[in-house]
Each structure stands twice: as C-alpha cells, then as structure tokens.
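Me: I'd like to learn how to read a model like this one. Can you walk me through it, feature by feature?

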Amino acid sequence: MLSSPGGHPQTTGHLISAADLSRDDAVLILDTAEEMARVADRPIKKLPTLRGRTVVNLFFEDSTRTRISFEAAEKRLSADVINFTAKGSSVSKGESLKDTAQTLEAMGVDAVVIRHSASGAPFRLATSGWIDAAVINAGDGTHQHPTQALLDAFTMRRRLLGRDAGLGRDLAGRRITLVGDVLHSRVARSNVDLLHTLGADVTLVAPPTLLPVGVETWPCEVSYDLDRVLSKSDAVMMLRVQRERMNAAFFPTEREYSRRYGLDGDRMAKMPGHALVMHPGPMVRGMEITADVADSERCTAVEQVANGVSIRMAVLYLLLGGNEPAVTHTRPTAAETGRAGTAYAEDSEEK
Amino acid sequence: MDTKNSGAARPVLEGPDIARVLTRIAHEIVERAKGADDVVLLGIPTRGVFLAQRLAAKLDEITGRSTPVGSLDITMYRDDLRMHPPRALARTDIPGDGIDGRLVVLVDDVLFSGRTIRAALDALGDIGRPRAVQLAVLVDRGHRELPIRADYVGKNLPTSLRETVKVQLAEEDGRDTVLLGDKPTVPAGEQ
C-alpha cells in the first residue's frame, strides 16, 4: 500500500460505471470541471497537482480521441503518463489481463485508465486485488463509458443553464433524446444512467432491432418515432451506427436508416430554438447525421471534445489529488460523501 | 466547524474596526504604489475575495478610478494536498487585462504559516509575470513556517498555537467580526 508524505495511508477509488455516481458526486465532478476548463485559457496550461503520480493509459481497443483526451488531462495535471496499447505489446503474445496488471503494479502505478473490448474488464481489474491503483473506465465493450457521459452532461449543463448559473445544479426536468444504435452503445448506457441520476427525462429512439433486451427496465422512455420526440427535446444526441460491432443485418439499408433515424436540416428545424445537437464522435456523415447539421452552430461535437479534457482532469483530481478519493462510490457511506461538500468551509487556522 | 470555537471565542475586531482597518490599508496601498494606477487586487477564496472587493471599492473612492479585482484559488498548489481528501475548487478569476507588468496585491483574511501565500505565489507564476507582488491581510497571527511577511496588516494579533482565529464577514457569515478562541483539542497530525 502506498503512503502519502503525511504518513496517511493511501486509499483508492475507482470510476467504473456512471450508475455508481450519486447525484452529489456527479455535480461535484461537473463543478470541478468548470474550474478546470479555465486552465485552458491560461498562458501556462498546467497545474502541479498530480506531480509525482504515475498514470497508465491501458488501451486494449483502438481509440484516438479518448486516449488523447485522457493524456492531455493527465499532462495538464503534471502526472507522469505511460501509454500502453495492446498492439505490439506482450498482450499480442498472449499475456493475460492479470499478468499485465501485476506488471503495472510492480512498476508502482497510481492509476490505470483502461479501455477494453470486453464488458466488465475494468470492474475485474478494480476488484480483483491484482492492483492497488485507482481504475478509471475509458470504455468497456458495450457496457459503460462514464467520462463520456460526464462530459456530455457537462456540455448540456453549460449550454442549457449557463457556465456560472449551472454551478451546483443538476439537469432536473431537461428532456434529452438519444437516437440510434443503443444496442452497441456504451455511451447510451452511461448517459441514461447519469442523466437519470441528474434528474433529466431521457428518451431513446431507435429501430427495435438496435435496442437491447431489457431496455424496458432502464430509467427512460423508448420511442420508434424520431419526429414526434424532436419538438419536445432540449438536447438530441445522435449515436454512431457501430458497423464494426455488427455481425448481422439490423436494418434493411443504410438509406432507410438515415431516412427514419438520421438528423438532417429539416428535422433540426423542428427542434426548439434552444435545443442542441450532440454527437460523441466519430461522426458518420450521411448516415446518422448530415453534413449541414454536423457543421451547424447547434452541433456541439467539437465542444464536447474540449469539455472531455476538463471532465477527465476533474475525475483524476478527485480520485488522485488527495490522500483518499473525493468521489467514493466504491464505499458509499454518509460520512464520506458529506466530506467533499464541506471542502469550501476551510478553517482560518489551517492557513 | 464553526461551532467548535464559539464557546470561548471572543471578538478582537468588530464591524467598524474592520471597515477602519481596510480604509487605512487602502490609503497605504495608494501611498506606497504612488497613486496605485497599476494595482490589481487578487483575493484568496473564500474571505480574501470579499476583502479584496471591499478594498477595491475604497481604492476607487480614493483614486477616482476603477481598480481591477479578481480571485486566485490556490487549492491545486497546496503543499498538503495529499494529507486530506481532495477539496472542492474555488473560482480563479483574473481581471481582463491580466497581471503582466502590474502590481498585484494578494488579499487574505488571516496570515498564519505562510503556506497559503507560497501556494498563491506559485499559482501567480502560471498566470503571468507581475511587476511586483505585495500582500495585504486583515489579521497576522504569527507562527510563520516560511520566510513570508505581509506588506499591509490590519491587525497584528499575537496568538498561541492553542488558539484559533476565525474571521467572519457579512458576505459569507452575516456579520463582520474576528474571533479569538481556544482549540478544544489539538487534532492528530496538526503541529
């Protein structure tokens, strides 16, 4: 077990699933990200907060934007960053997750950011006892992608409530619509969980073949009619059709899909004036979204990328910045969650 | 947190004293900065920000110009980050014209170990390069652990380490006062 300079034992927290976050934890992360975002406006975009801490980006599955986003966040907080991709590593020689984890543990790693094609790999890593480091899920199979859900919620709160007006607040009563390939989408799962926690009303719109079994138990509505939902939405999130995960025909033709579930200029015109169009990227133009919508003022795809760095900085700070994590969903006791909220009330005598 | 001192705590500065002290500091700043035309006031959250805003209002009265005022959160620069759970961040708000070449006056409520000010100096270095940095505090209670001193002091308050100093300001606490109390017990890990 690691020790901090003060001799206090280091305890670790993880971020595995958006469903594990309480409403207060989620709002704390969004508020912290709002302050982190201001670092990007400075001449020196760096904070000394994680100096001397080592973070490994363990990517078993291809990803450009998520890995770069995490790497930028880690470097802005002055952490030492090690990038590990499965391609060309000992994993391609047949090494197991356990052996990889124990190798990293032996190197004294403080946090592992993991992306894996198998749902549950980050949970396994966090709960196996192979490793003491904090585990942050950067996307596992078709299960979860919690930092994506957080950055989406952050983008919505900024646009719908305002940068300063949104501080300390959730998304209560906002109507969010997720459209497209819900079946293969960890982004959709994470978003439904987090948006529900934040008080938003979520509607999924997809062809029946692209909805998972058991979707009726999720805390959201389901519709097959995009046009009917659009006029009642504060934000519409288009999901990418994940052809690489499809091994069967889920819809007759791409043209039919984009005609019924794609977002074009005419459909966007039916949305309320303040409503935003979101896309987690990478976009397939002409499939789920047309080029004119993707390039319009209301589409936040690029903003979401910038917000991703702020959110990941906030998560890293709250998990690694102190002697114990401020986000404590792995051991949720009342005493723990109350502590982070009182952090503003600092005693004068401590100065 | 507020209740632990309240039993034995006695006021050492009251509302009118605080107003008078801030007026004096404002005049001292104008005098030392020869007109204070390049002064930027940066308060350290939480109460330093309110003091900086009050000081700015007094400077405006004296000079007839508008004094830039902002806030500087030092949480991410603290040297004891790893001894506590991560703290919630406060706002860093640098006035539009920045701090390059300006005279920055840091404003805080209590000067104690000096570690907050060290962190603030580190934070300033990442934001710009001021012409000079000065420090204004409402109360200096001594017991410095670093070679740091204040340029403007509202009240020098000799204290023992068993005592606590608590500043309350109307903006945050509903009234203006500085309370001197006794620590009930010395918590482990705090020297």
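**Reading the two chains**

Reply: Sure. Let's begin with contacts in chain B: among those with a separation of 6 or more, 68% link residues 24 or more positions apart. Keep in mind that this is a predicted model.

Me: What share of chain B's 191 residues counts as buried?

Reply: For burial, you look at how crowded each residue's surroundings are. In chain B, 43% of the 191 residues count as buried.

Me: And how many helices and strands does chain B have?

Reply: Count the elements, then read their order. Chain B has five helices and eight strands. Starting at the N terminus, they come in the order α-β-α-β-α-β-β-α-β-β-β-α-β.

Me: Why can chain B be called as compact as a globular protein of its length?

Reply: You compare its radius of gyration with what a simple rule gives for the chain length. Chain B comes out at 16 Å, close to the 16 Å from the globule rule for 191 residues, so it is as compact as a globular protein of that length. If you prefer a box, the C-alpha atoms fill one of roughly 45 × 40 × 30 Å along the principal axes.

Me: Which residues of chain B does UniProt list under a domain name?

Reply: Here we switch from the coordinates to a record. An unreviewed UniProt entry lists residues 13–156 of chain B as "domain: Phosphoribosyltransferase". In the model, that span is 33% helix and 23% strand, and its end C-alpha atoms lie 11 Å apart.

Me: Now chain A. How is it divided into domains?

Reply: A domain can be made of separate stretches of sequence, so to speak, and you should check the bounds. In chain A, domain 1 takes 18–145 + 305–328, while domain 2 takes 146–304. Their centres are 25 Å apart, taken over C-alpha atoms. The contact involves 28 residues from domain 1 and 27 residues from domain 2.

Me: Which elements of domain 1 of chain A give two or more residues to the side that touches domain 2?

Reply: They are helix 1 (23–37), strand 4 (134–140) and helix 11 (301–320) of chain A. Helix 1 of chain A gives the most, with eight residues. Sorted by class, this side of domain 1 has 13 nonpolar, nine polar and six charged residues.

Me: Where in chain A is the pLDDT below 50?

Reply: Start with the average: chain A has a pLDDT of 87, and 87% of the residues score at least 70. The values fall below 50 over residues 1–11 of chain A, a stretch with 20 contacts beyond near neighbours in sequence. Residues 329–351 of chain A are also below 50, with 38 such contacts in the model. Where pLDDT is low, don't read the predicted coordinates in detail.

How values were computed:
Residues are numbered from 1 along each chain as its sequence is written. Chains are lettered from A and ligands numbered from 1 in the order in which they are written. This is a predicted model: local features need pLDDT of at least 70, side-chain atom pairs count only at pLDDT 80 or more; totals for chains, interfaces and linings use all residues. Domain bounds come from an automatic or database domain assignment. Two residues are in contact if their C-beta atoms, placed from the backbone, lie within 7 Å. Helices (H or I, at least four residues) and strands (E, at least two) are DSSP runs, numbered from the N terminus. Ala, Val, Leu, Ile, Met, Phe, Trp, Tyr, Cys and Pro count as nonpolar, Asp, Glu, Lys and Arg as charged, and the others, Gly among them, as polar. UniProt positions are given in the numbering used here, feature names are shortened, and annotations may be inferred rather than shown by experiment. The radius of gyration is taken over C-alpha atoms; the globule rule is 2.2 Å times the number of residues to the power 0.38. A residue is buried if 20 or more other C-beta atoms lie within 10 Å of its own, exposed if 12 or fewer, and partly exposed in between; C-beta atoms are placed from the backbone. pLDDT is the predictor's confidence in each residue, from 0 to 100.
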